Amino acid sequence: MFHHITVLKEEATEGLHVREDGIYVDCTLGGAGHSALIASRLGSQGRLIALDQDDWALDNAKEKLASFGDKVILVKTNFRDLEEVLRALPMVPQRDGIPQVDGILFDLGVSSPQFDEGERGFSYNHDAPLDMRMDQSAELTAAEIVNTWPEQEIARVLFQYGEEKFSRRIAGKIVERRALRPIHSTGELADIIKEAIPAATRRTGGHPAKRSFQGLRIAVNDELGAFEEALHAAVRCLAPGGRVSVITFHSLEDRICKQILNSYVGRCTCPPDFPLCVCGGEGQMRLINRKPLTPGEEELTLNPRARSAKLRIAEKL
Ligand SMILES: C[S@@+](CC[C@H](N)C(=O)[O-])C[C@H]1O[C@@H](n2cnc3c(N)ncnc32)[C@H](O)[C@@H]1O
């Protein structure tokens, strides 16, 4: 059973200003909650192109979105290939060889079923093979990182992507343990992490393996690299007036989102000693909300996993 509670569903969809005859892209189909809402607002000419790299999400969505018929096009892909995917679809118009769509949504991270299905190896709560791939056909797994990467690289992943302050101690313990025998399961890894963290810290701030597991998951799926590429592509592929809605779940994603969107906002680039602006300060995007939107109390009561969600919306000029 594929059950994911969609986060900021109305807000992110409203943010796109869906037009009946527009072409929209959901880059993170998942449980198809946003996709179903967007598709329900389309008329006979409107289209939704929904992407995911996870076969399981796509199989589930095929059924869930069947009633929308050919208004919805499902594509298995990594969203970092957004521009090429759109270029290959005949219903997407192009301007100067660049595909043009009316709205693009990102709802980043993993879906609840990916996380809760022990076999996928994302969770420290289920003992399972150390996998963590969203795309089951990708080559890199968490087991490969843990068992073959140099100690410093493992520490970097835990520190940079997991914001784990005991990253070096944990990486040291992992390397010590794998010298005895390979680390195959999430349970073994969670125990090693627990041992590496000082006892006093272990008792505070949630599960001791939470940050390290986040770091590994981000590395396995190159989540930040893919998002960075995809957000630049999204800005290129929006038609004038088109909007992008982005939901992030941790500070690393939100920082990238904010910096990239800000880099397209117009500001004067004239040298400081010019008495008047001659550049026009024209940007390519306008921010719809300066501060990110966050879920209200009601949503958080129904879905505590929404706690860290932040929504940023911007419009192409
Ligand atoms: C949080 S879920 C989306 C939930 C969805 N909005 C809903 O309402 O059910 C994120 C989804 O994006 C997918 N995903 C994450 N990174 C991706 C990437 N780089 N390329 C394609 N799909 C990705 C995951 O496989 C997952 O299914």
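**Close-ups of a predicted model**

**View 1. Met-132 in its loop.** Met-132 lies in the loop that links α5 (112–116) to α6; helices here are DSSP runs of H or I with at least four residues, strands are E runs with at least two, and both are numbered from the N terminus. This is a predicted model, where local features need pLDDT of at least 70 and side-chain atom pairs need 80 or more, while totals for chains, interfaces and linings use all residues. Numbering starts at 1 along each chain as its sequence is written, and side-chain values use heavy atoms, without hydrogens or water. Although Met-132 isn't a glycine, its phi is positive, near 70°. With a relative accessible area of 0%, Met-132 is buried (under 20%; exposed is over 50%, partly exposed in between; 1.4 Å probe, protein chains only).

**View 2. Two more positive phi angles, at His-17 and Asp-222.** Look for His-17 in the loop between α1 (9–15) and β1 (23–26). Not a glycine either, His-17 has a phi of about 50°. His-17 is partly exposed, at 48% relative accessible area. Asp-222 comes just after α11 and has a positive phi of about 40°. Its loop runs between α11 and α12, and with a relative accessible area of 31%, Asp-222 is partly exposed. Pick Leu-140 as a partner for a distance label: Asp-222 and Leu-140 are 82 residues apart in sequence, and their C-alpha atoms are 9.8 Å apart in space.

**View 3. Helix α11 and its cover.** Helix α11 spans residues 210–220, and eight of its 11 residues are buried, so the rest of the structure largely encloses it. Here's who is tucked away: Ser-212, Phe-213, Gly-215, Leu-216, Arg-217, Ile-218, Ala-219 and Val-220. Covering these buried residues are, among others, α6 (142–148), α7 (151–160), α8 (167–178), α9 (186–196), α12 and α13 (251–263).

**View 4. Helix α2, mostly covered.** Seven of the eight residues of α2 (residues 33–40) are buried. They are Gly-33, His-34, Ser-35, Ala-36, Leu-37, Ile-38 and Ala-39. Ile-38 turns up again in View 6, as a member of the 27-residue core.

**View 5. The two domains side by side.** The protein splits into domain 1 (9–107 + 223–316) and domain 2 (118–221), with bounds from an automatic or database domain assignment. Between the C-alpha centres of domain 1 and domain 2 there are 31 Å. At the junction, 11 residues of domain 1 are in contact with 12 residues of domain 2 (heavy atoms within 4.5 Å).

**View 6. The largest nonpolar core.** This core has 68 residues, and the ones with the most contacts inside it are Ile-49, Ile-104, Phe-106 and Val-244; a nonpolar core is a set of buried Ala, Val, Leu, Ile, Met, Phe, Trp, Tyr and Cys residues joined through side-chain atoms within 4.5 Å. Helix α12 (residues 223–237) supplies the largest share of this core, nine residues. Domain 1 and domain 2 both give residues to this core, so it lies between them. Zoom in on Ile-49: setting aside neighbours within four places in sequence, Ile-49 is in contact with Ile-23, Tyr-24, Val-25, Asp-26, Ile-73, Val-75, Leu-86, Leu-89 and Val-92. Another core, of 27 residues, lies apart from the largest one, and its members include Val-7, Ala-12, Ile-38 and Ile-247.
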